[in-house]
Amino acid sequence: MAFDHTRAPLKWARSLVWILLVASVSACASGPKKPPIGTLEPDKFLWERGTEELNKKHWLTSREYFRQLMDSYPQSTYRADAKLGLADTYLGEGTPESTVLAINEYREFLSFYPIHPRAYYAQFKLGMSHFYQMHGPDRDQTETLEAIAELTTFLQRYPTRAENPLLDEGRARLREARDRLSDSDYRVAYFYLRTQKYPPAAIDRFNAILKNDPEYSRRDAVYFYLAQALLKVNRPAEALPYLDRLVTEFESSEFLEEAKKLAETLKADMKKAKAGSVSHES
């Protein structure tokens, strides 16, 4: 079938009109969110609509309501909460770029409103903004360190449930972040131990974990492999206390039975060596 050159311009024009119409509708949809004319409390209206959209996870629409409130009503009693809502839309969006913006908004909130009743929330979310960006234990731990710092500040500044409903969650997330950092050190220490060439380096790493993070969730593994490393350099007297700690502190552990047997063997060997020494002296 031949191409109709007379109809081509018409089709192109219709397509252009359709594109412009869609763009116009989209622009209107994403334009400023303003309260209806005559609204008695327009700032409250914007706050409520922004919160509704936030709860629906409509991040962009919610953000527009909060921005309109902040820009148009700088003296509003809802302005501080709108700033927090704005930060929450960025964090909810979940991209690396939006998370950076969320961090900035939470920091500004804490700077502008340090004694606000929801300052605890801003500090918690600041910590979680870094928490969500933590990498696995085999990768860079910069974000983990940031999360630990901000969540530690959160618990120090707001230590009671009366002023901090997020206290228990903050403790749990801080423990996760600390575990992530200690996992990173643990893997390096375990690698040193398994290469057979670097038991002293493994000993140093395991000891550093126990010093820096005494509540590490996997410290049973640290106790066990630290004892193993000490035995490799012929230091059984130093290895035994770590096996005893494992048995005492953990009711269940994959290392428990082997630790008990090894501790009994070491104690028997040390008792025998002591008896032989006394006999030799006599």
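This is a walk through the helices, cores, aromatic pairs and salt bridges of the structure above. The model is a predicted one, so please read each contact and distance below as a feature of that prediction.

Let us begin with the inside. The largest nonpolar core has 40 residues, and within this core Tyr106 and Phe154 touch the most other members. Seven helices, namely helix 2, helix 3, helix 4, helix 5, helix 6, helix 7 and helix 8, each supply at least two residues of this core. Helix 6 gives the largest share, with eight residues. As a broader remark, nonpolar side chains in soluble globular proteins tend to be buried together.

Phe154 is a good place to look around. Leaving aside neighbours within four places in sequence, Phe154 is in contact with Tyr120, Gln123, Phe124, Asn164, Leu166, Leu167 and Gly170. A second core lies apart from the largest one; this other core has 29 residues, among them Tyr186, Phe206, Tyr216 and Leu243.

Phe154 also leads us to helix 7, which runs over residues 142-157. This helix has 16 residues and reaches 23 Å from its first C-alpha to its last, close to the 22 Å expected at 1.5 Å a residue. Which residues of helix 7 are buried? They are Thr144, Ala147, Ile148, Glu150, Leu151, Phe154 and Leu155. The cover over the buried residues of this helix includes helix 5 (96-112), helix 6 and helix 8.

From the helix 6 side, Gln123 shows some of this packing. Gln123 is found in helix 6, residues 119-131, and is it buried or exposed? Gln123 counts as buried because its relative accessibility is 2%, which falls under the 20% cut-off. Not counting residues up to four places away in sequence, Gln123 touches Leu110, Glu150, Thr153, Phe154, Arg157 and Tyr158.

Now for the rings. The count of aromatic pairs comes to 17. One of them joins Trp47 and Tyr78, which are stacked at 6.3 Å centre to centre with 25° between the planes. Trp47 lies in helix 2 (residues 42-55) and Tyr78 in the loop between helix 3 (59-72) and helix 4 (79-93), so this pair ties together parts that are 31 residues apart in sequence. Both Trp47 and Tyr78 are buried. Phe131 and Tyr132 form an edge-to-face pair instead, with 6.1 Å centre to centre and 80° between the planes. The two partners sit in contrasting surroundings: Phe131 is buried, with a relative accessible area of 12%, whereas Tyr132 is exposed, with a relative accessible area of 51%.

Rings also gather in a group. Tyr186, Tyr190, Phe206, Phe224, Tyr225 and Phe255 form one aromatic cluster. Tyr186 and Phe206 from this cluster are also among the residues of the 29-residue core. Elsewhere a ring meets a charge: the charged end of Arg118 sits over the ring of Tyr121, 4.7 Å from its centre.

That brings us to charged pairs. Side chains of opposite charge can pair when their charged atoms come close. How many salt bridges does the structure hold? There are 20 salt bridges, and helix 8 offers some good examples. Asp168 forms a salt bridge with Arg171, with the closest N and O atoms 3.8 Å apart. Both residues lie in helix 8 (residues 167-194), three residues apart, which is about one turn of the helix. Asp168 is partly exposed at 42% relative accessibility, and Arg171 is partly exposed as well, with a relative accessible area of 43%.

Further along helix 8, Arg175 has two partners to follow. In its salt bridge with Asp179, the closest N and O atoms are 3.0 Å apart. Asp179 and Arg175 are separated by about one helical turn because they are four residues apart in helix 8. Asp179 is buried, with a relative accessible area of 13%, while Arg175 counts as partly exposed at 21% relative accessibility. Arg175 also forms a salt bridge with Asp213, where the closest N and O atoms are 2.6 Å apart. Arg175 lies in helix 8 and Asp213 in the loop between helix 9 (199-212) and helix 10 (219-232), so the pair ties together parts that are 38 residues apart in sequence. Asp213 counts as buried at 5% relative accessibility.

A last stop is a linked set of charges: Lys83, Glu105 and Glu108 are joined in a network of salt bridges.

Notes. Residues are numbered from 1 along each chain as its sequence is written. This is a predicted model: local features need pLDDT of at least 70, side-chain atom pairs count only at pLDDT 80 or more; totals for chains, interfaces and linings use all residues. Side-chain values use heavy atoms; hydrogens and water are left out. A salt bridge is a side-chain nitrogen of Lys or Arg within 4 Å of a carboxyl oxygen of Asp or Glu. Buried means under 20% relative accessible area, exposed over 50%, partly exposed in between (1.4 Å probe, protein chains only). Contact means heavy atoms within 4.5 Å. Rings of Phe, Tyr and Trp (its six-membered ring) pair if their centres lie within 6.5 Å; planes under 30 degrees apart count as stacked, over 60 as edge-to-face and the rest as tilted. A charge sits over a ring if NZ of Lys or CZ of Arg is within 6 Å of the ring centre and within 35 degrees of the ring normal. The expected span of a helix is 1.5 Å times one less than its number of residues. A nonpolar core is a set of buried Ala, Val, Leu, Ile, Met, Phe, Trp, Tyr and Cys residues joined through side-chain atoms within 4.5 Å.
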